[in-house]
Amino acid sequence: MATRSRLVAHTQVARLRGIPALIARCAPGRAVLSTAWPTHARFKALVARLAAIAALFGAAIGPAGVVAARSTEPPAAPSTEHPAELPTDLLSVPATRLARLAIGVNMSHWFWIPHDDSDRGREQFIRAEDVEALKAAGFRHIRLPVEPGWLWDGATLHEDGTAALDDDRLAALRRGVDVFTAREVAAVIDVHPARTEWFNQIDDASIERLDRLWASLAKALADSDPDLVVLEILNEPHGLRDPAAWNRCQRRLAATVRRAAPRHTIICTGDMHGGIDGLLRCEPITQDRNIVYSFHFYDPHNFTHQGATWGFDGWRHLRDVPYPATREELERVADGLESPRGREVLRWSAAHEGASSPWNAEAIDRRIATAAAWSKEHDVPLYCGEFGVYRRFAPAESRERWLRDVVTTLERHGIGWSMWDYAGGFSLLADGPAAVTGRAEREFDPATIRALNRGE
């Protein structure tokens with residue numbers, strides 16, 4: 001207690017005698033404080049905060065807490081230590097924020113693989129009236145995928161070692177977010193690499209760059225309303241040989257975000273493409289309770305991704321695959337497919353999925369229930385950040401039935417959700433990409449709205 005009193009006294013004196021002098025006196029090994037708190041995390045956090053103030057006086061603080069002249073050495077990577085102190089009123093995710101995450105849609109193909117890559121195309125992707133239409137349909141948030149390579153070249157740094165983001169593009173992103181938040185619709189900022197050259201796999205170099213990017217992006221978004229802007233670490237991490245590696249990487253990245261944005265809610269996820277299996281081996285960050293944990297749901301993939309031209313090569317050969325479906329029904333559809341590869345893939349589903357767990361609402365509930373159980377075990381909130389059906393070749397009634405079953409299951413388990421997507425191949429809009437590029441009206445697909453329980 002005496003040590004804490006001395007610290008308060010030092011802080012008061014600092015207002016009169018100068019912040020840099022206080023930091024020097026508080027350096028471990030240099031003052032009476034060091035005998036009581038030589039490695040205490042709160043003390044380190046205090047020194048770090050005072051160091052930022054000291055910079056205004058032309059000083060910088062070294063790793064031992066000693067004030068020194070500014071270094072001319074190359075910038076070091078941001079610290080990986082998680083902040084020890086959090087705002088006392090945010091020791092959990094506020095209920096108002098969880099309520100906003102209850103119902104949402106992904107705004108893909110805007111700042112990620114855009115339908116129109118021009119500045120004009122981005123500015124016209126969403127209009128105020130579109131946001132009002134979403135609100136009227138009951139949507140409370142959007143999830144906004146952002147290509148990290150669009151914001152940063154992966155090389156240019158500020159003096160402090162953080163990423164030098166493209167100012168014009170960052171401003172465009174902020175304008176896009178503001179269109180929603182100005183109307184009380186929340187936005188999840190989702191770092192979503194697909195074409196970023198410096199993040200084509202998860203390794204030490206890519207995590208280093210992602211850490212630098214988040215140090216800058218979180219700082220740039222720190223002045224946004226934390227009740228309306230949520231920060232998602234990374235979309236669908238995958239490809240790690242060591243299952244524990246992603247947990248270590250995620251802790252580091254979350255710490256970087258938290259230092260720059262102490263009040264914003266963070267979204268974390270598991271590896272294995274962010275699916276339920278990855279969630280089950282995700283280690284919650286116990287030092288920070290203002291975090292929501294995410295999973296994506298597309299089971300069974302041979303239904304939801306039939307006809308897709310990316311990812312697994314077998315999907316492109318599938319057509320008219322129904323849901324719900326038994327083994328016999330899947331075998332019958334497989335026999336009618338023209339492509340030998342398509343027949344092979346769907347027969348696999350019939351043998352391995354249709355036999356033991358037919359495609360139906362009960363199977364969906366069993367699967368999502370495992371995620372809900374993980375959430376309950378760890379006492380953390382859960383969010384389904386993506387689910388949907390590729391529309392081009394899926395039977396319309398089957399798509400509507402699957403969406404309804406998934407939404408009903410998520411809501412029964414108290415899990416917030418964001419459908420994939422607004423105007424892409426899984427579209428909420430009737431005419432998808434054509435609607436946001438000026439070639440069709442921006443009208444919701446009635447069957448999708450019904451399936452999502454957003455109207456009759």
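**Notebook: helix α7, strand β7, the cores and Gln306**

I began with what covers the buried residues of α7, and the cover includes β3 (103-106), α6 (119-125) and α9 (167-181). I keep in mind throughout that this is a predicted model.

Next I looked up which residues of α7 (residues 128-136) are buried, and I noted Asp130, Val131 and Leu134. They cover an arc of only 100° around the axis, which is why I place them on the same side of α7. This agrees with a general point I wrote in the margin: an α-helix has 3.6 residues a turn, so residues three or four places apart point the same way. Just after α7, I came to Gly138, which takes a positive phi of about 100°.

I then turned to strand β7 (residues 266-269), asking which way its side chains point. Ile266 and Cys268 point one way and Ile267 and Thr269 the other way, and I found all of them buried. My margin note here is that in a regular strand the side chains alternate between the two faces of the sheet.

For the partners of β7, I looked at β6 (residues 229-232), which pairs with β7 in the parallel sense over two bridges, and there I found Leu231 opposite Ile266. Following the chain from β6, I passed through helix α11 (residues 243-260) before reaching β7, and I recorded this β-α-β crossover as right-handed. I also noted β8 (residues 291-297), which runs parallel to β7 and is joined to it by four bridges; here Cys268 of β7 stands opposite Tyr293 of β8.

Which residues touch the most other members of the largest nonpolar core? I noted Met107, Phe295, Phe387 and Tyr422, in a core of 107 residues. Helix α10 (residues 204-221) gives the most to this core, with seven residues. I entered a second, separate core of seven residues, with Val93, Val188, Ile267 and Val292 among them, and so met again Ile267, a buried residue of β7.

My last entry concerns Gln306, which I found in the loop between α13 (301-304) and α14 (327-336). Is Gln306 buried or exposed? Its relative accessible area is 0%, so I count Gln306 as buried. I followed its side chain to the backbone nitrogen of Asp320, which it reaches at 3.1 Å, and I noted that the backbone nitrogen of Val321 lies 2.8 Å from a polar atom of that side chain. Leaving aside its neighbours within four places in sequence, I listed residues in contact with Gln306, including His301, Trp315, Tyr390, Phe393 and Pro395.

Notes: Residues numbered from 1 in each chain as written. Predicted model: local features only at pLDDT ≥ 70, side-chain atom pairs only at ≥ 80, totals over all residues. Heavy atoms only, no water. Buried < 20%, exposed > 50% of the residue type's maximum accessible area, 1.4 Å probe, protein only. Arc of directions from axis to C-beta. Contact = heavy atoms within 4.5 Å. Pairing = 2+ DSSP bridges. Right-handed = clockwise from strand over helix to strand, strands pointing away. Core = buried A, V, L, I, M, F, W, Y, C linked by side-chain atoms within 4.5 Å. Polar contact = N/O pair within 3.5 Å; in protein donor to acceptor, adjacent residues only side chain to side chain.
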